Amino acid sequence: GARLYSAGYGFTTPNGPPGMKYLNRPATPAQAVAEMDSLAALRPTVVKMWVDDFGGSSPKMDSNIYKAIIATAHRHGIRVASHLYYLSDAKSLVGNGLDILAHSVRDREIDNALLQQMKARGVAYIPTLSLDEYAYIYSRRPEWINDPFFKASLEPGVYEMITSKKYQDNLKNSPSYQRNVHAFETALKNVKSVSDAGILVALGTDSGAQPVRAQGFSEHLEMELLVQAGLTPLQAISAATKNAAEVLKISDHYGTIEPGKTADFLLLGGNPVQDIKNTRKIVAVYKAGKAVAKTF
């Protein structure tokens, strides 16, 4: 299977998200090269960098450092993904050999020049739309707030927190509220443009990174949001299965139901092509051809 190493090359700030204090921060390109050389011994499939400034609260990674990371990783046969936000960063990263955009471009719509460059270089795009919706959506009661499928995915106490007036008001009154709404709306436009350009779109969510990003539910919400963005249900399902396996370089054995591949699949109680929400009507789960859960 794929070995993923989130190196977190970036920055540390007391005002950033909770996990940011654990990010590694090489001070110079030479240090980045030495650390990548050391990391290569673990044989990761992908190394992920954090490049952007987290809404202006922290300094961006110096471009000379991420250029050194990309070049050194490629010398070891390791692909590189990057946490990013801004179109300008996406252009620079793709121009310097980035393999995977991990999160949407959210400040501006992606232009044709970048789309053409991404397609020519085989760059994959993981939009994580649900992450951006979670950043503001609990300021109101989303239509799925009382869906048993959603509620069953939550850790104890989370439902009470996200439905409280205090939590909702804090989101509404946050100085980043409008920015978060704009980011989500821009992300929807960009994933449609990326998909229409023939660039590989793979599903990712960051689920579990925070309790409000419910594991299990987020992956189904992500498919719904891809359809909301304008992809067809089959394109959304392919992003979650076939395309994700291609990004992880495990498509020889996983990602599609074909002779010779591992028989991991779901049985559904409704046709997801007619309604993408039918992916949540799980009747049975099969792992390597054997039922590990079923309702019949």
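## Helix 2

Helix 2 covers residues 63–75, 13 residues in total. From its first C-alpha to its last it reaches 18 Å. That is close to the 18 Å expected at 1.5 Å a residue. The model is predicted.

The start of helix 2 carries a polar contact: a side-chain oxygen of D62 comes to within 2.7 Å of the backbone nitrogen of N64. Along the helix, the buried residues are I65, Y66, A68, I69, I70, T72 and A73. After helix 2 comes G77. The phi of G77 is positive, near 75 degrees.

## Positive phi outside glycine

Two residues other than glycine deserve a look at their backbone. R43 has a positive phi, near 55 degrees, and is not a glycine. R43 lies in the loop between helix 1 (29–39) and strand 2 (46–50). T128 is not a glycine either, yet its phi is positive at about 45 degrees. T128 lies in the loop between strand 5 (124–126) and helix 5 (129–134).

Is each of these residues buried or exposed? R43 has a relative accessible area of 64%, over the 50% cut-off, so R43 is exposed. T128 has a relative accessible area of 3%, under the 20% cut-off, so T128 is buried.

## Aromatic pairs and a cluster

The structure holds 12 aromatic pairs. One of them joins W144 and F150. Their ring centres are 4.9 Å apart. Their planes meet at 65 degrees, over the cut-off of 60, so the pair counts as edge-to-face. Both partners are buried: W144 and F150.

W144 and F150 also belong to one aromatic cluster. Its other members are Y134, Y138, F149 and F217.

## Charges over rings

Which rings have a charged end sitting over them? One is the ring of Y159, with the charged end of K151 over it. The distance from that charged end to the ring centre is 4.4 Å.

Another is the ring of Y85, where the charged end belongs to R179. Here the charged end sits 4.2 Å from the ring centre.

## In brief

Helix 2 has a span close to the expected value, with D62 in contact with the backbone of N64 at its start and G77 following it. Of the loop residues described, R43 is exposed and T128 is buried. W144 and F150 form an edge-to-face pair within the cluster of Y134, Y138, W144, F149, F150 and F217.

Definitions and conventions: Residues are numbered from 1 along each chain as its sequence is written. This is a predicted model: local features need pLDDT of at least 70, side-chain atom pairs count only at pLDDT 80 or more; totals for chains, interfaces and linings use all residues. Side-chain values use heavy atoms; hydrogens and water are left out. Helices (H or I, at least four residues) and strands (E, at least two) are DSSP runs, numbered from the N terminus. Buried means under 20% relative accessible area, exposed over 50%, partly exposed in between (1.4 Å probe, protein chains only). Rings of Phe, Tyr and Trp (its six-membered ring) pair if their centres lie within 6.5 Å; planes under 30 degrees apart count as stacked, over 60 as edge-to-face and the rest as tilted. A charge sits over a ring if NZ of Lys or CZ of Arg is within 6 Å of the ring centre and within 35 degrees of the ring normal. The expected span of a helix is 1.5 Å times one less than its number of residues. A polar contact is a pair of N or O atoms within 3.5 Å; within protein, one must be able to donate a hydrogen and the other to accept it, and residues adjacent in sequence count only if both atoms are side-chain atoms.
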